[in-house]
Amino acid sequence: MERQPRALQVLLAIGLVALAAFPLVGEKFYLQFITKLMIMGIFAMSLDLLVGHTGLVSLGHALFFGVAAYALMLLTPEYQAAGFWTSLGVSLGVAALAALIVGFFVLRTTGIYFIMVTLAFGQMTYFYVHDSSHLGGSDGKYIYVRPVLEIAGWSPFDLERPAHFYYVALAMMVFVYLMLRVLLASPFGRVISGIKENEHRMRMLGFATFRYKLVCFVLAGTLAGLAGWLAAAHDGLVNPEMLSWHQSGQLLMMVILGGMGTPSGPILGAAALKVLELVFQGWTKHWQLLLGGFIVLSVLLLPRGLAQLFESKRRD
Amino acid sequence: MTEVALRTAALRKDFGGLTAVNDVALECRVGQMHAVIGPNGAGKTTLINLLSGDLAPSSGRIEILGRDVTGLPPHRISQLGVGRSYQRTNIFMRFTVFENCRLAAQSRLPSSMRFLRAAARYRAVNEAAAQAIELAELGGREQLPASSLSHGERRQLEVAMTLATQPKVLLLDEPLAGMGGEESARMVELLKKLVPGHAMLLVEHDMDAVFALAGLLTVMVNGAVLASGTPESIRANREVQEAYLGSPGHE
Amino acid sequence: MDTAIFFIQVLNSVQYGLLLFLVASGLTLIFGIMGIINLAHGSFYMIGAYLAFSLTGLIGDFWLALAAGVVVAVLIGLALEWLVIRFLYDRDHLYQVLLTYGLILIFEECRSLLWGDDVHGVPVPPALDFSIPLTENLSYQVFRVAMSAICLALAAGMYWLIQKTRLGMMIRAGSVNREMVQSLGINIGLLYRVVFALGVALAAFAGMLGSPVSSVFPGMGNQVLIVSFVVVVIGGIGSVKGALVAALAIGFADTFGKVLLPQIAGMVVYLLMAAILLWRPQGIFGKA
């Protein structure tokens with residue numbers, strides 16, 4: 001794993017403090033916007049575990065985000081709150097199970113097949129949800145009341161309040177970030193980076209690589225599920241777009257934009273792309289034209305990947 | 001005599017209509033270097049690929065340390081104590097020399113499904129890696145990225161990684177390929193050091209090295225064993241001389 | 001299911017399968033020969049359908065519109081290859097995915113700017129706008145039969161092109177060994193451009209030909225793209241023969257799935273893919 005230069009560490013610390021202080025001054029709109037950014041940051045980190053750290057380019061990652069979101073919707077009784085820990089646990093469990101099943105199939109393939117097959121499984125789920133009236137069909141469904149955490153009658157926070165939700169999302173993002181740092185330095189983390197570098201050699205060294213990739217896929221799926229649960233609880237609705245391949249495609253863009261395989265890259269990439277989207281949306285109804293142009297140009301003009309924008313700063 | 005660590009019987013591999021390895025039987029004991037020689041296309045690398053599990057044999061049997069391993073996948077065969085080096089250098093180019101060997105040594109943990117403690121803090125693994133580096137005479141280069149090594153050093157690293165997995169059986173596919181005189185000499189010395197503790201199967205074109213190292217020689221032609229025996233008996237063998245002195249059919 | 005209905009379903013399966021084959025064969029050729037994964041391939045299908053809509057209105061004749069549309073599609077293909085695609089050779093698949101994904105966004109918005117977001121229809125050519133009665137109250141539209149015939153003729157034409165012509169020889173060589181093609185003194189840049197344009201033309205042609213039956217609507221390319229991926233995965237990347245077999249298999253699975261298993265109709269195709277993956281991860285005609 002890359003060591004982070006001192007300057008970047010300082011920058012991250014300042015960023016964290018700024019994030020923690022923001023609700024004291026920020027308006028509600030921006031509070032919710034940044035909450036969404038942080039949720040996307042978690043989502044992007046989960047994909048980076050596959051793309052940047054294991055070398056598995058998945059184009060169906062939205063599947064796990066989506067199923068966890070729908071799980072929360074199904075667990076929430078109409079006009080009542082779901083339990084915080086139960087709904088979170090079940091959502092993560094559903095995402096993990098989905099990743100286990102999908103991973104079992106898709107990890108039999110590599111390279112371009114892997115890209116196409118993950119996309120196909122993602123779309124399969126998308127069409128299923130899209131065509132299922134009990135799941136709300138193409139319109140999706142509302143979650144009228146957000147999950148509630150109660151310990152013997154006392155709630156430490158209220159997700160209905162934007163600032164409280166903001167801190168929950170921040171805490172989860174920091175937790176996932178730290179967890180991944182520990183994970184990547186562990187023997188397991190070294191194995192997946194070896195797989196990315198040279199999977200054949202790993203097998204010859206005696207590693208049963210399929211098993212490690214499957215565990216990694218399940219982990220990434222579970223973390224995507226965390227992001228999906230948060231997104232559903234935050235937006236108060238679920239719809240098939242959460243599972244669509246546009247979601248997966250933009251997520252991939254975030255990971256690459258921020259610099260894949262770097263610890264804080266996915267978070268920065270998620271933030272950058274979301275801000276860009278917001279700016280483009282402010283300009284025109286046809287903002288996707290600008291986004292598409294941005295994506296095409298950045299691939300063409302930065303042949304070694306977008307991370308190279310940051311490389312010169314990192315090298316010292 | 002020590003035990004037979006590697007044994008094949010009637011080993012055969014077909015690719016479509018072509019038989020690359022045909023009815024090969026050979027043995028190798030711990031403390032012995034068994035060299036397989038033969039012209040290009042004789043099936044030597046295919047043989048190594050069968051032994052390491054990279055390819056599954058069409059028929060026949062492979063035994064490692066008394067166990068039937070025929071058709072097992074490479075990672076299982078590796079775990080049973082077989083290490084292999086490749087003809088074309090096969091290392092983790094972007095990792096440091098130490099990390100290459102550390103990862104190799106880590107494969108001997110009962111499991112790498114360990115998620116919390118930092119990999120760098122597994123002392124036994126670090127020691128095994130350091131030992132392999134020492135043995136392969138790469139001391140002082142631990143923190144260099146593998147991609148910055150010279151060709152000869154990369155070959156040494158390849159051997160070091162294999163050693164870090166603490167194998168009983170070593171399969172070496174042309175370890176001297178593309179090396180200059182000095183590099184070759186260093187590698188030959190290294191391999192000589194390794195003979196006592198290992199059963200070694202060597203595929204090599206450099207005949208000086210082969211005769212300097214091997215206690216047992218097998219000559220393969222067109223996938224089959226032409227002759228097998230001590231270096232002296234092979235040197236005196238008329239058939240072998242003919243095969244090498246170029247009956248034009250074998251080119 | 002009585003015989004007449006069964007017969008109609010078989011015709012529908014073949015017609016859908018063959019149309020899919022046109023899209024998927026371009027996809028598989030572009031990957032097999034150029035090593036490019038092209039997510040924007042479905043957009044060409046959509047562009048074809050919208051071209052058919054506009055050109056039929058403009059020219060007044062479906063078949064002339066078809067011919068004009070193919071010319072436009074080839075030009076689009078050549079231009080696109082020259083503008084962006086040629087910078088993707090030898091790049092990681094990741095960047096190919098990203099760039100061609102960006103292209104989809106651009107194409108969709110251009111479609112929205114040029115044609116709006118409404119659903120349109122293309123009239124069935126009058127000469128073929130009648131039905132053959134099968135039983136008293138069941139009949140089959142002649143245009144659909146003609147579609148299948150045209151697709152079959154194109155498939156035969158592709159077979160001839162690939163097996164019997166010099167271009168086909170280069171294509172076959174290119175899908176086996178890229179270096180060999182270069183050493184034969186073939187202009188690889190030109191070969192790639194032609195193959196890409198051919199793929200675009202095939203997808204656009206499928207979109208045009210299918211437009212009177214399927215109608216013309218936003219996002220129609222994405223649906224076709226994903227199913228085409230499934231076809232390529234099942235058939236084996238780079239294999240045109242595999243694409244034909246797989247496309248027909250998907251045609252039958254999808255059509256009969258809707259009749260026999262309506263609850264999970266949308267998933268049948270993907271379940272078929274999952275089964276193939278268990279059995280042969282490299283596809284039916286793929287190289288191991």
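Mentor: Before we begin, pLDDT is the predictor's confidence in each residue, on a scale from 0 to 100, and what we are looking at is a predicted model.

Trainee: What mean pLDDT does chain C have?

Mentor: For the complex as a whole, the predictor gives a pTM of 0.90 and an ipTM of 0.89. Within chain C, 97% of the residues reach 70 or more, and the mean pLDDT of the chain is 89.

Trainee: In which order do the 4 strands of the open sheet in chain B stand?

Mentor: The edges are held by β2 (18–29) and β5 (67–68) of chain B, each of which has a single partner strand, so one side of each is left without a neighbour in the sheet. Strand β1 (residues 4–15) of chain B pairs with β2(B) in the antiparallel sense over 8 bridges, and in that pairing Thr8(B) stands opposite Leu26(B). The pairing in the sheet is antiparallel, and the order is β2-β1-β4-β5.

Trainee: Why is helix α1 of chain B largely enclosed by the rest of the structure?

Mentor: The helix lies across β1, β2 and β4 (59–64) of chain B, running at about 115° to β1(B). Its buried residues include Leu47(B), Ile48(B), Leu50(B) and Leu51(B), but also Lys44(B) and Asn49(B), where buried means under 20% relative accessible area. Just after the helix, Gly53(B) takes a positive phi of about 90°. The helix is largely enclosed because, of the 9 residues from 44 to 52, the number buried is 8.

Trainee: Which residues of strand β6 in chain B are buried on one side and on the other?

Mentor: In a regular strand the side chains alternate between the two faces of the sheet. β6(B) pairs with strand β7 (residues 169–173) of chain B in the parallel sense over 4 bridges, with Val82(B) standing opposite Val169(B). Both faces of β6(B), residues 82–85, are covered, the buried residues being Val82(B) and Arg84(B) on one side and, on the other, Gly83(B) and Ser85(B).

Trainee: How much area is buried between chain A and chain C?

Mentor: The size of an interface is often given as the accessible area lost when the parts come together. Here the contact takes 43 residues from chain A and 42 residues from chain C, and the count of salt bridges between these two chains is 0. Carbon and sulfur atoms give 82% of the buried area, which comes to about 4100 Å².

Methods:
Residues are numbered from 1 along each chain as its sequence is written. Chains are lettered from A and ligands numbered from 1 in the order in which they are written. This is a predicted model: local features need pLDDT of at least 70, side-chain atom pairs count only at pLDDT 80 or more; totals for chains, interfaces and linings use all residues. Side-chain values use heavy atoms; hydrogens and water are left out. Buried means under 20% relative accessible area, exposed over 50%, partly exposed in between (1.4 Å probe, protein chains only). Helices (H or I, at least four residues) and strands (E, at least two) are DSSP runs, numbered from the N terminus. Two strands pair if DSSP finds at least two bridges between them. Contact means heavy atoms within 4.5 Å. Axes are lines fitted to C-alpha atoms, for helices over the stretch in contact, and angles run from 0 to 180 degrees between N-to-C directions. Buried area is the accessible area (1.4 Å probe) that two parts lose on being put together, summed over both. A salt bridge is a side-chain nitrogen of Lys or Arg within 4 Å of a carboxyl oxygen of Asp or Glu.
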